Amino acid sequence: METLSENACFGGTQGVYKHASSATGTDMTFGLFQPAEALDGPVPVLWYLSGLTCTHENAMTKAGAQAWAANEGIALIFPDTSPRGEGVADDEAYDLGQGAGFYVNATQDPWAKHFRMWDYLVEDLPELVFNEFALDSERQGITGHSMGGHGALTMAMTLTDRFRSVSAFAPIANPTASDWGRKQLGAYLGDDDTKWAAHDASLLMADKGFDGPVLIDQGASDQFLDLLKPEALAAAIAAKRQEATFRMQPGYDHSYYFVSSFMEDHVAFHADALYA
């Protein structure tokens with residue numbers, strides 16, 4: 001692991017690190033905020049998965065999460081959204097290829113060689129960070145925005161013993177029924193759409209639900225509402241009688257102005273679960 005930068009931040013440290021990933025076969029970069037309490041021992045962890053076109057840096061610099069995490073004594077992990085570099089497949093479209101990994105393990109060419117973001121986030125990066133830093137693997141929450149909200153919800157409902165809490169900002173909620181999903185899942189996983197259901201938060205909610213609290217914030221003026229399909233997730237939550245808070249926020253769009261406006265609520269929500 002290589003340290004790219006470390007800066008004092010709200011009494012703690014905001015670092016950026018690079019490491020060789022066995023999952024993707026590439027170098028990967030991630031951000032990690034450690035609160036002051038990490039000097040005394042392992043602290044709870046909140047994973048933040050970013051959306052289309054993002055790197056580790058977008059949420060790290062725009063979401064305003066470090067101030068609230070410092071107040072709660074929680075670490076923040078900001079992974080990248082895809083493998084990158086020479087020899088890594090890409091596409092001219094912004095919503096496929098580099099910056100658009102969709103948090104799945106690709107099985108189709110040319111993506112299968114490197115686009116194994118599920119394994120990267122489920123196995124590779126956790127093994128590294130819990131070995132190298134003062135983080136408590138027994139107290140983890142996960143959140144994300146847009147494509148990252150999709151990833152956070154699907155991972156939380158699949159890895160049933162890993163996360164105590166899950167939240168999302170404007171998640172891609174029903175990708176098997178959306179142009180933000182069908183295109184990418186078809187490209188990465190193939191034409192057999194029965195293989196897509198494991199990566200659809202609305203279908204997983206209807207089938208499994210989540211054994212813990214859920215918080216969803218969606219901007220009512222989001223320019224991508226037809227692609228996100230929040231109504232499918234809301235209906236699945238209601239039908240499952242899932243413990244959840246689903247909020248439509250009047251006037252808010254899909255930007256980081258929206259995310260940063262409600263970040264305090266999300267960090268506090270996770271802190272309640274992580275310190276319970």
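**Architecture of the nine-stranded sheet and the setting of N174**

In this predicted model, β3 and strand β5 (residues 75-78) pair in the antiparallel sense, joined by three bridges. Within this pairing, the bridge partner of L32 in β5 is I77. Strand β3 spans residues 27-34, and seven of its eight residues are buried. It is therefore largely enclosed by the rest of the structure.

Strand β3 also pairs with strand β2 (residues 12-20). Eight bridges join the two, and they run antiparallel. Here K18 stands opposite T29 of β3. The hairpin of β2 and β3 has six residues between the strands. In this hairpin, G25 takes a positive phi near 70 degrees.

These strands belong to an open sheet of nine strands with mixed pairing. The order is β1-β2-β3-β5-β4-β6-β7-β8-β9. The edges are held by β1 (2-9) and β9 (244-249). Each has a single partner strand, so one side of each is left without a neighbour in the sheet. On average, neighbouring strands of this sheet are turned by 20 degrees against each other, direction ignored.

Strands β4 and β5 pair in the parallel sense, again through bridges, three in number. Across this pairing, V45 stands opposite A75 in β5. Helix α2 (residues 65-72) packs on the sheet and touches β1, β2, β3 and β5. The direction of α2 makes about 145 degrees with that of β5. Helix α3 (residues 117-132) lies across β2, β3, β4, β5 and β6. Its course runs at about 150 degrees to β4.

On its other pairing, strand β4 (residues 43-49) is joined to β6 by six bridges, and the two run parallel. V45 has Q140 as its bridge partner in β6. V45 thus takes part in both pairings of β4, with A75 in β5 and with Q140 in β6. Strand β6 (residues 135-144) has eight of its ten residues buried, so it is largely enclosed by the rest of the structure.

Two bridges link β6 to β7, and these strands run parallel. The bridge partner of I142 in β7 is V166. Helix α4 (residues 147-158) joins β6 and β7 in a right-handed β-α-β unit.

The largest nonpolar core has 86 residues. Those with the most contacts inside it are F30, W47, L125, L135, I142, M155 and Y188. One of these, L135, touches L32, P42, V43, V45, A75, I77, V129 and F130, not counting residues up to four places away in sequence. Among these contacts are L32 and I77, the bridge partners of the β3-β5 pairing. V45 and A75 are also included, and these stand opposite each other.

N174 lies in the loop between β7 (165-169) and α5 (182-189). The residue is buried, with a relative accessible area of 11%. This value counts as buried because the cut-off is under 20%. The side chains of N174 and D200 are joined by a polar contact of 2.9 Å. Leaving aside neighbours within four places in sequence, N174 is in contact with D200, S202, L228, K229 and A232.

How values were computed: Residues numbered from 1 in each chain as written. Predicted model: local features only at pLDDT ≥ 70, side-chain atom pairs only at ≥ 80, totals over all residues. Heavy atoms only, no water. Helix = DSSP H or I, 4+ residues; strand = E, 2+ residues; numbered from the N terminus. Buried < 20%, exposed > 50% of the residue type's maximum accessible area, 1.4 Å probe, protein only. Polar contact = N/O pair within 3.5 Å; in protein donor to acceptor, adjacent residues only side chain to side chain. Contact = heavy atoms within 4.5 Å. Core = buried A, V, L, I, M, F, W, Y, C linked by side-chain atoms within 4.5 Å. Pairing = 2+ DSSP bridges. Right-handed = clockwise from strand over helix to strand, strands pointing away. Axes fitted to C-alpha atoms, helices over the stretch in contact; angles between N-to-C directions.
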